[in-house]
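Here are my notes on this one, written as numbered points. Keep the viewer open and look up each residue as you go.

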Amino acid sequence: MTAYISGTSTRKVDGLVKALGCDSGVSKSTVSRICKNIDADVAILRNRDLGHQRFVYLWLDATYVHVRDGGQVVSKAVVIATGLRADGYREVLGVDVGDSENETFWTEFLRSLKDRNLGGVQLVVSDAHAGLKAAIRRVFQDAGWQRCRVHAMRNFLAAANHQHRSIVAALIRTIFAQPDPDGARAQLRNVVAQLETTVPAVAERLEAAEDDLLAYTAFPPAHWSKIWSNNPIERLNRELKRRTDVVQIFPNPEAVIRLVGALLVEVNDEMISADKRYIAAASVAALTDREENQIPSLPAAPRT
């Protein structure tokens, strides 16, 4: 794995936490020097060209931090994008701070990825924020959208009485246990029918979400457990939350980007240099071949 932040380890970044938000014994010149090194590496992560590989899957998610903004302490979303490369490895593609419900913010974030030559995306996996869904439709018009099953389950259970939640969860899980697309769709409709009399609100939500929940079934079954939820980013978010909770309140959005970005630099190094691919390269190649076959060939250049 490459050296982290010009020789600064994660433990040292944790040591900078107080310097980012409150008093510490570290001199201002030392903090300034280390922050410049961190900012340079984070800028590379956030601005690098993404055209070196095709990224067939894109995961999007947000975690929340408290930030001082205009004299007030507000909750801001730290949005993170990771992608699966054509060779089966993952990369961190981007990070930003803003309002997770805001379509304009999400559209700008997704467009920034495409402006950096992100290509080949066939499926975007995310929560069902209205602004995010609209931004995905606008920016990735040719890609499918998979509603994260973990977030969806929380939404379904919120509509059920406490005594019904365990059976609702068990029934919905049977949908994802089916071995083929037809079986998954049939089971979803069967679960809807079973819930209509006892938990009609859940049945209604589940029925409306059919296409969004089952988008994963259009892809190889070996990939299903990796693409039907945001679990890859959920685990990353838990680690980020553990680190950001130490700060409690960030002085500004730039401080959030500095700390979170520094951690993501290390995470990205680990993803790229992992001993094992996240998904086997051969099965990913089948997807990229499918994409190429769908793209019409360019006309031959005229002879001079």
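1. Let's start with a puzzle: is Glu210 buried or exposed? Glu210 counts as buried, because its relative accessible area is 9%, and the cut-off for buried is under 20%. Keep in mind throughout that this is a predicted model.

2. So what does Glu210 do with its side chain? It meets the side chain of Arg189 in a salt bridge, at 2.8 Å from N to O. Try tracing the chain between the two: Arg189 sits in helix 8 and Glu210 in helix 10 (residues 210-213), so the pair links distant parts of the chain, 21 residues apart.

3. Now compare a pair that sits inside one helix. Arg243 and Glu239 both belong to helix 12, four residues apart, or about one turn of the helix. Their side chains also form a salt bridge, again with 2.8 Å between N and O. Arg243 is buried, at 11% relative accessible area, while Glu239 is partly exposed, at 31%.

4. Two more items on charges. Lys76 and Asp69 form a salt bridge in which the closest N and O atoms are 3.6 Å apart; Asp69 is partly exposed, with 39% relative accessibility. Arg48, Arg85, Asp87 and Glu91 are worth viewing together, as they are linked in a network of salt bridges. Over the whole structure, a search turns up 12 salt bridges.

5. On to the nonpolar side chains. In soluble globular proteins, nonpolar side chains tend to be buried together. Here the largest nonpolar core has 40 residues, and the members touching the most others are Tyr57 and Leu206. Several elements supply at least two residues each, among them strand 1 (55-69), strand 4, helix 9 (200-208) and helix 14 (281-294). Which helix gives the most to this core? That's helix 7, with six residues.

6. Have a closer look at Tyr57. Setting aside neighbours within four places in sequence, its contacts include Leu84, Leu123, Phe219, Ile227, Ile279 and Leu287. Thr82, Gly83, Pro220 and His223 are in contact with Tyr57 too.

7. Don't stop at one core, though. There is a second, separate core of 26 residues, and Ile34, Val65, Leu236 and Ile257 are included in it.

8. Next, a backbone detail that is easy to miss. Asn117 has a positive phi, near 75 degrees, and is not a glycine. You'll find Asn117 in the loop between helix 4 (103-115) and strand 4 (123-126), where it is partly exposed at 42% relative accessible area. Gln248 also has a positive phi near 75 degrees, again in a residue other than glycine. Its loop runs between helix 12 (231-244) and strand 6 (249-250), and Gln248 is exposed, at 59%.

9. Finally, a word on confidence. The mean pLDDT of the protein chain is 86, and 86% of its residues reach 70 or more. Which stretches fall below 50? Residues 17-22 do, and beyond near neighbours in sequence that stretch has 12 contacts in the model. Residues 293-304 are also below 50, but that stretch has zero such contacts.

Definitions and conventions. Residues numbered from 1 in each chain as written. Predicted model: local features only at pLDDT ≥ 70, side-chain atom pairs only at ≥ 80, totals over all residues. Heavy atoms only, no water. Buried < 20%, exposed > 50% of the residue type's maximum accessible area, 1.4 Å probe, protein only. Core = buried A, V, L, I, M, F, W, Y, C linked by side-chain atoms within 4.5 Å. Contact = heavy atoms within 4.5 Å. Salt bridge = Lys/Arg side-chain N within 4 Å of Asp/Glu carboxyl O. pLDDT = per-residue confidence, 0-100.
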